[in-house]
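Work through the exercises below with the model open. Try each task before reading its solution.

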Amino acid sequence: MEPRNHTAVSEFLLLGLTDDPALQPLIFSLFLTMYLVTILGNLLIILAVSSDPRLHTPMYFFLSALSFNDICLSSSTIPKMLVNIQRQDQSITYTGCLTQACSVIIFVVLENFLLAMMAYDRYVAICYPLRYTAIMNPRLCVLTVLVSAFISTMDSLFHTLMVLRLSFCSDIKIPQFFCELAQVLKLSCTKTLIDNILIYVASFLFLGVPLFGIIFSYVHIVSSVLRMPSSGGKHKAFSTCGSHLCVVSLFYGTGLGVYISSAVTDSPRKTAVASVMYSVVPQMMNPFIYSLRNKDVKEALRKLMGRIASFL
């Protein structure tokens, strides 16, 4: 098979989760519901935090940033999938595919940084309570989010530029519901050894290092909490970390599940179904986790809903 230059590739085909036409309406309804719940839930978290002065703290600033990032990540993949199902068209333009892959990388990497920053915030609050205000000042919080967003964008652009140099064969089918970088590389007729090495290096730096930071923070948190004399203090300290631990477990647990699934199965469709667990489900569940487990957020949401009801 003769390779052709990437400039001749005008589009890719997103095969989605199934070929069965009878299941398409069900998938459309399911993903539309999940998308609307994700947008509404995370938007309510942002509005609740911004409207309640008691929540104007570093922990809830990072929570708002996480909610905004979850909205962006979901919006990078699900709308295109819904449009394709509605139009019964699996195509996505070459430019659109690279843009989608670039967006997914940005927001996945940024999610890792935000979860690490939230863990560090809890580490400082529990291990150095007297210095918490001085260390976690507003300037530092904003700066860390901006730097994380910049690093995520640069990493994404770097990988996208690497893809631009590749040539593609006639097989342009992506067994996913969105343009995943690893799947795009598999379609290339050009050797992608360097690209794959760079992906592993970037994954270690921008996924592994934040995860190590989270583990480091919680090891010290647990050590400090266990040294507390009162059981009430221990319970209060652990309760402030409970929601974040659930979110971290969901995000990294589903990501690990996708990696294991792709390693043990030869079915691309099963891998695509598994990828839903890390690219859609955590973003939808995060608002529920924080609203159900956090009294301050629940109270802020109750007041916000009361204000909204009074305007209606």
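A residue counts as buried when its relative accessible area is under 20%. The model is predicted.

**Exercise 1. Which residues of α1 are buried?**

Step 1. Apply the burial cut-off of under 20%.
Step 2. Read off the residues of α1 that pass: Ile27, Phe31, Met34, Tyr35, Thr38, Gly41, Asn42, Leu44, Ile45, Ala48 and Val49.

**Exercise 2. Check the span of helix α1, residues 24-51.**

Step 1. Take the 28 residues of the helix at 1.5 Å a residue.
Step 2. The expected span is 1.5 Å times one less than the number of residues, and for α1 that gives 40 Å.
Step 3. The end C-alpha atoms of α1 are 40 Å apart, which agrees.

**Exercise 3. Classify the ring pair of Phe12 and Tyr94, and place both residues.**

Step 1. The structure holds eleven aromatic pairs. In this one, the ring centres of Phe12 and Tyr94 are 6.0 Å apart and the planes meet at 25 degrees.
Step 2. Planes under 30 degrees apart count as stacked, so the Phe12 and Tyr94 pair is stacked.
Step 3. Phe12 belongs to strand β1 (residues 11-14), Tyr94 to helix α3 (residues 94-127). The pair therefore ties together parts that are 82 residues apart in sequence.
Step 4. Phe12 and Tyr94 are both buried.

**Exercise 4. Describe the aromatic pair of Tyr120 and Tyr123 and its surroundings.**

Step 1. Centre to centre, Tyr120 and Tyr123 are 5.9 Å apart, with 40 degrees between the planes; the pair is tilted.
Step 2. Both lie in helix α3, three residues apart, so about one helical turn separates them. An α-helix has 3.6 residues a turn, so residues three or four places apart point the same way.
Step 3. Tyr120 is partly exposed at 35% relative accessibility, whereas Tyr123 is buried at 10%.
Step 4. Ring pairs join Tyr120, Tyr123, Tyr128 and Phe216 in a cluster. Arg131 lies over the face of Tyr128, 5.8 Å from the ring centre.

**Exercise 5. What is the sign of phi at Gln88, and where is Gln88 located?**

Step 1. Most residues other than glycine have a negative phi.
Step 2. Gln88 is not a glycine, yet its phi is positive, about 55 degrees.
Step 3. Gln88 sits in the loop between α2 (58-87) and β2 (91-93). At 76% relative accessibility, Gln88 is exposed.

**Exercise 6. Is Ser148 buried or exposed, and what does Ser148 contact?**

Step 1. Locate Ser148 in helix α5 (residues 138-164).
Step 2. Its relative accessible area is 7%, so Ser148 is buried.
Step 3. Set aside neighbours within four places in sequence; Ser148 is then in contact with Leu110, Phe113 and Met117.

Key
Residues numbered from 1 in each chain as written. Predicted model: local features only at pLDDT ≥ 70, side-chain atom pairs only at ≥ 80, totals over all residues. Heavy atoms only, no water. Phe/Tyr/Trp six-rings, centres within 6.5 Å; stacked < 30°, edge-to-face > 60°. Helix = DSSP H or I, 4+ residues; strand = E, 2+ residues; numbered from the N terminus. Buried < 20%, exposed > 50% of the residue type's maximum accessible area, 1.4 Å probe, protein only. Lys NZ or Arg CZ within 6 Å of the ring centre and 35° of its normal. Contact = heavy atoms within 4.5 Å.
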